[in-house]
Amino acid sequence: MSTKASRSAARLMLAPAVILLLGWMLVPLTMTVIFSFQRYLPMRGGFQGWVWFDNYRSFVTSSAFWPSVVTTLVIVGSVLVITVLLGIVLAILLDQPMWGQGIVRILVIAPFFVMPTVSALVWKNMFMDPVNGLFSHLSRFLGADPILWLSEASMPSIILIVSWQWLPFATLILLTAIQSLDSEQQEAAEMDGAGPFSRFFFITLPHLSRAITIVILIQTIFLLAIFAEIFVTTQGAFGTRTLTYLIYQRVLESQNVGLGSAGGVYAIILANIVALFLMRIVGKNLDR
Amino acid sequence: MSIKTSLGLASALAIAAASASFAQSPSGTVTIATVNNGDMIRMQGLTADFNAKYPDITLEWVTLEENVLRQRVTQDVATNGGQFDVMTIGTYEVPIWGANGWLVALDDLPAEWNADDLLPAIRDGLTVDGALYAAPFYGESSMVMYRTDLMEAAGLEMPDAPTWDFIREAAAAMTEGDVYGICLRGKAGWGENMAFLTAMSNSFGARWFDMDWNAQFDSPEWAETLTFYNDLMTNYGPPGAANNGFNENLTLFQQGRCGMWIDATVAASFVTNPTDSTVADSVGFALAPDNGLGRRGNWLWAWSLAVPAGSQSTDAAKAFIAWATSSDYTALVAENEGWANVPPGTRTSLYENADYLAAAPFAEMTLQSINSADPTSPSVQDVPYTGVQFVAIPEFAGIASEVGQEFANMLAGQQTVEQALARAQALTTDAMEAAGY
């Protein structure tokens, strides 16, 4: 039972942690907001005066803005669909008892430990290169003209690379969820005459729903910020410029900190809208 | 110049004056930001010689990859941070930073350093209002590298100074099977395809801006440049050229897949190196092509050492720069690593040295290429800017990166030459208006 004194003591003791966390989050956020109201050009000597909402206006009216938002959403959406669907399949397969299970599981998870820049370079130079890449050798062997992956199919290429990286994460979470599924329930259903499909749709899938929610939420947060894969492969050309990449270009290539910060604020808003929608759609699973 | 910068400059000068009056030889710690390429790494290996001459100066190295280096030093110099005493910067930064008052002028280097020995084109590129703001460490231009065996098989002979029409003819004749007649940069980026295309456009008589800073992508000269480039690469270039930068083309050339390659003169030592290149013994060199208009399609770049205004040990930094960019340093490298490995492209005396000319078959062509570039008047038409393959204004890197994406999209066949130029014109005009020109 807590008295008034012990409650205030508890608050006092919590204060350092809360202040640290708030500072951690608020200082960079406030800096970004402050910069976004300034005309701040390092190459012209830094601070050039307050322009308030001009940066926000020019960021959205730039012809690059809406395409970059669409690109971001397409990449996030496609990768989510691919990783969740394939993740479920892989998780079920890996759950089956088989010879060498440990090694197979480690191999499946391995791509997640490869750094994004490294994996993008490997994909670009060893697989997708139109002259020396494995895919081009394969298509020439089959008598076809090699596909120019990174220029003609730039979006599918990026989605492929990112999905390859994030599939292990989805598989891992979903696998642990499947392992917690009660096998007696499965047996009971089987004895009642449920086929493999009904067992999957009425027992496994509902059991997985919470894990799927977690996969979607966590992945969305990271996927909205993917950068290295685009930087290494297309440099934002061929319609692969995401919002993150656009902000990078504004801040570092154009050396316009104010405009880039305004873009950063838009990115925060976009991330929150997406998160809100996702919470609405799938979030109710978390309440159960 | 902001008050902060002037204060920093003043205090740096005061400290420099004070240290000069108290001690004969400079002392202190010099922090050097440099780029991670072969010549710079070699310099770090030879610091024992510097330490023997200046025992009171301690050198600290910060070696970074090119893009990271550019970010770090820009941040430091713009905020007058004082993290570095010597910065490795290129010919793009020097005119802008010098004009901003961010660099210490290097006019008082010792007489034996001999500024008059510097190649005039390089020296001009590093001079702002008559003052030298950076000392060149190595310089490069671009030139045609071609396969002598393929050229012979095609029944053609490469002139020392080819025209663009000849390049097209040769590319057509050399394209056969898995050999592509010509490899050029196509990857988007201000230092990738735009460096090449801007230099190329000079030889077609085009310019980025007119005297009132209006973008010129709607001019017939640019249309001609881009149409020529697009046709050349689509017909005789490697597949997926829109993703090829310097490194990709280097690999293709070393594997014997390119008939010709127009790129940086430093590549000459890579393609003639038998351990890396399968075609090392059959590479010829020629000047970058022209159209008879008085400008060639080659660029000019020099990695240079400069002292930021925020430095606290200006004298020691200058002593280091004088050591690293002197002809004595060249001789030191030659003694330890051989003449083929000395940093090229900065001094006339190097190209008069018989040992060097014997060790580097590409030396003559490199010198001619550098001398044929004129950063002070890059285009046939009048321009308000300096720089051969760039425009020395702070906004250029951002604008050219976006224009480069439009041109890469064009090369990938996703838009026509006209569409690419129209978009380039629109976005350049927008950016220049926003920047207040």
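The expected span of a helix is 1.5 Å times one less than its number of residues. Keep that rule in mind as you look at this predicted model, and try it out on helix α17 of chain B.

**One helix, checked and placed**

Helix α17 of chain B covers residues 396-411, which makes 16 residues, so the rule gives a span of 22 Å. The C-alpha atoms at its two ends are 22 Å apart, in agreement with that value. Is this helix mostly covered or mostly exposed? It is mostly covered, for 16 of its 16 residues are buried. After the helix comes B:G413, with a positive phi near 80 degrees.

Helix α17 of chain B also takes part in the meeting of the two chains. In total, 28 residues of chain B are in contact with 23 residues of chain A. On the chain B side, the elements that give two or more residues are α4 (66-78), α5 (93-100) and α17. Which of them gives the most? That is α17(B), with six residues.

**The nonpolar core**

The largest nonpolar core holds 177 residues, and those that touch the most other members are B:V86, B:A134, B:V144, B:M145, B:M260 and B:F320. The element that gives the most to this core is α8(A), with 10 residues. Now pick out B:F320: apart from neighbours within four places in sequence, its contacts are B:V30, B:F50, B:I57, B:L59 and B:V86.

Helix α8 of chain A, residues 154-179, is also home to A:T176. This residue is exposed, because there are just 12 other C-beta atoms within 10 Å, and 12 or fewer counts as exposed. A:T176 and A:L208 are 32 residues apart in sequence, with their C-alpha atoms 9.7 Å apart in space.

Chain B has a helix α8 too, at residues 164-174, and B:E169 lies in it. B:E169 counts as partly exposed because it has 15 C-beta neighbours inside 10 Å. Its C-alpha atom is 9.5 Å from that of B:G181, which is 12 residues away along the chain.

**Helices that cross**

Helix α10 of chain B (residues 220-236) packs with α9(B) (residues 193-203), and its axis also comes within 10 Å of that of α18(B) (residues 417-434). Here are the two crossings:

| Helix pair | Axis separation | Angle |
|---|---|---|
| α9(B) and α10(B) | 9 Å | about 120 degrees |
| α10(B) and α18(B) | within 10 Å | roughly 135 degrees |

Given its angle, the α9(B) and α10(B) pair is therefore oblique, and so is the pair of α10(B) and α18(B). The crossing of α9(B) and α10(B) is right-handed, and the crossing of α10(B) and α18(B) is right-handed as well.

You can find the residues that meet. From α9(B), B:L197, B:M200 and B:S201 meet B:E221, B:W222, B:T225 and B:Y229 in α10(B). In the other pair, B:W222, B:A223, B:L226, B:T227 and B:N230 of α10(B) meet B:V417, B:A420 and B:L421 of α18(B).

**Two loop residues with a positive phi**

Most residues other than glycine have a negative phi. A:Q235, though not a glycine, has a positive phi near 55 degrees. A:Q235 sits in the loop between α11 (228-233) and α12 (243-253) of chain A, and it counts as buried because it has 24 C-beta neighbours inside 10 Å.

B:W213 is not a glycine either, and its phi is positive at about 60 degrees. B:W213 is in the loop between α9 and α10 of chain B. With 18 C-beta neighbours inside 10 Å, B:W213 counts as partly exposed.

Note on methods. Residues numbered from 1 in each chain as written. Chains lettered and ligands numbered in written order. Predicted model: local features only at pLDDT ≥ 70, side-chain atom pairs only at ≥ 80, totals over all residues. Helix = DSSP H or I, 4+ residues; strand = E, 2+ residues; numbered from the N terminus. Buried ≥ 20, exposed ≤ 12 C-beta atoms within 10 Å, placed from the backbone. Core = buried A, V, L, I, M, F, W, Y, C linked by C-beta atoms within 7 Å. Contact = placed C-beta atoms within 7 Å. Axes fitted to C-alpha atoms, helices over the stretch in contact; angles between N-to-C directions. Parallel < 35°, antiparallel > 145°, perpendicular 65-115°, else oblique. Left-handed = near helix turned anticlockwise from the far one by under 90°.
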